[in-house]
Amino acid sequence: FTITVNGQHAHILKNPAGLTFHIGCFSRAWGCIVYGIPTHEFTWFPGFSWCIALCSNCFIHLGWYYQSVGANFFGLILANLVKDFKIH
């Protein structure tokens, strides 16, 4: 479900506290829940509001859910993702 936003899939971004995140953009994110009230404050993607995206199992912060009129996507912290999860 990888997508490009602003011409690329992966972005290296810094928040107002100075923390740097390497995120990837995804149209869907199975296992994520969206938490919080959407805000435009400090958005990395102009025109998009965001909420926190958490793991639906352990509630660890996985990234953010971005939404705009007619468009939405997940910006997920690449280091926090499991690439090949298999249920036995």
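Me: In this predicted model, does Phe-42 count as buried or exposed?
Reply: The cut-off for exposed is over 50% relative accessible area. Phe-42 has 57% relative accessibility. That value passes the cut-off, so Phe-42 counts as exposed.

Me: Where does Phe-42 lie, and what is its phi?
Reply: Phe-42 sits in the loop between strand 3 and strand 4. Most residues other than glycine have a negative phi. Phe-42 is not a glycine, yet its phi is positive, at about 55 degrees.

Me: Asn-6 also has a positive phi. Where does it lie, and is it buried or exposed?
Reply: Asn-6 is not a glycine, and its phi is about 55 degrees. Its place is the segment before strand 1. Its relative accessibility is 62%. Over 50% is the mark for exposed, so Asn-6 counts as exposed.

Me: What is the strand order of the open sheet, and which strands are at its edges?
Reply: The sheet has six strands, with antiparallel pairing. Their order is 1-2-6-5-4-3. An edge strand here pairs on one side only, and that picks out strand 1 (10–14) and strand 3 (32–39).

Me: What is the average twist from one strand to the next?
Reply: The sheet in question is the open one of six strands. From strand to strand, its twist averages 30 degrees.

Me: How many bridges pair strand 3 with strand 4, and which residue in strand 4 stands opposite Thr-39?
Reply: Strands of a sheet pair through backbone hydrogen bonds, either parallel or antiparallel. Strand 3 and strand 4 (residues 49–55) take the antiparallel sense, over five bridges. Opposite Thr-39 stands Trp-50.

Me: Is Ser-49 buried or exposed, and which residues is it in contact with?
Reply: Ser-49 belongs to strand 4. Its relative accessible area is 7%. The cut-off for buried is under 20%, so Ser-49 is buried. Leaving aside neighbours within four places in sequence, its contacts are Pro-38, Thr-39, His-40, Tyr-65, Tyr-66 and Gln-67.

Me: How many residues of strand 4 are buried?
Reply: Strand 4 has seven residues and is mostly covered. Ser-49, with 7% relative accessible area, is buried. For strand 4, the count of buried residues is five.

Me: What is the bridge partner of Cys-51 in strand 5, and which residue in the turn between strand 4 and strand 5 has a positive phi?
Reply: Strand 4 and strand 5 (residues 61–68) are antiparallel and share six bridges. In strand 5, Cys-51 has Tyr-65 as its bridge partner. The two strands form a hairpin with five residues between them. The turn residue with a positive phi, about 70 degrees, is Phe-59.

Me: Which residue in strand 6 is the bridge partner of Gln-67, and what is the phi of Gly-70?
Reply: Strand 5 and strand 6 (residues 71–77) run antiparallel, joined by six bridges. In strand 6, Gln-67 is partnered by Asn-72. The hairpin of strand 5 and strand 6 has two residues between the strands. Gly-70 is in that turn, with a positive phi of about 80 degrees.

Me: How much space lies in the largest pocket, and which residues are closest to its centre?
Reply: The space in the largest pocket comes to about 580 Å³. The pocket is lined by 20 residues. Closest to the centre are Trp-30, Gly-31, Leu-62, Leu-81 and Val-82.

Me: How many residues of each class line the largest pocket?
Reply: The classes are nonpolar, polar and charged. Tyr and Cys count as nonpolar, and Gly as polar. On that basis, the lining has 13 nonpolar, five polar and two charged residues.

Methods: Residues numbered from 1 in each chain as written. Predicted model: local features only at pLDDT ≥ 70, side-chain atom pairs only at ≥ 80, totals over all residues. Heavy atoms only, no water. Pairing = 2+ DSSP bridges. Helix = DSSP H or I, 4+ residues; strand = E, 2+ residues; numbered from the N terminus. Axes fitted to C-alpha atoms, helices over the stretch in contact; angles between N-to-C directions. 1 Å grid on protein atoms, 1.4 Å probe; cavity = no way out; pocket = protein on both sides within 12 Å on 5 of 7 lines; lining within 4 Å. Points joined across faces, edges and corners; volume = space filled by probe spheres on them. Buried < 20%, exposed > 50% of the residue type's maximum accessible area, 1.4 Å probe, protein only. Contact = heavy atoms within 4.5 Å.
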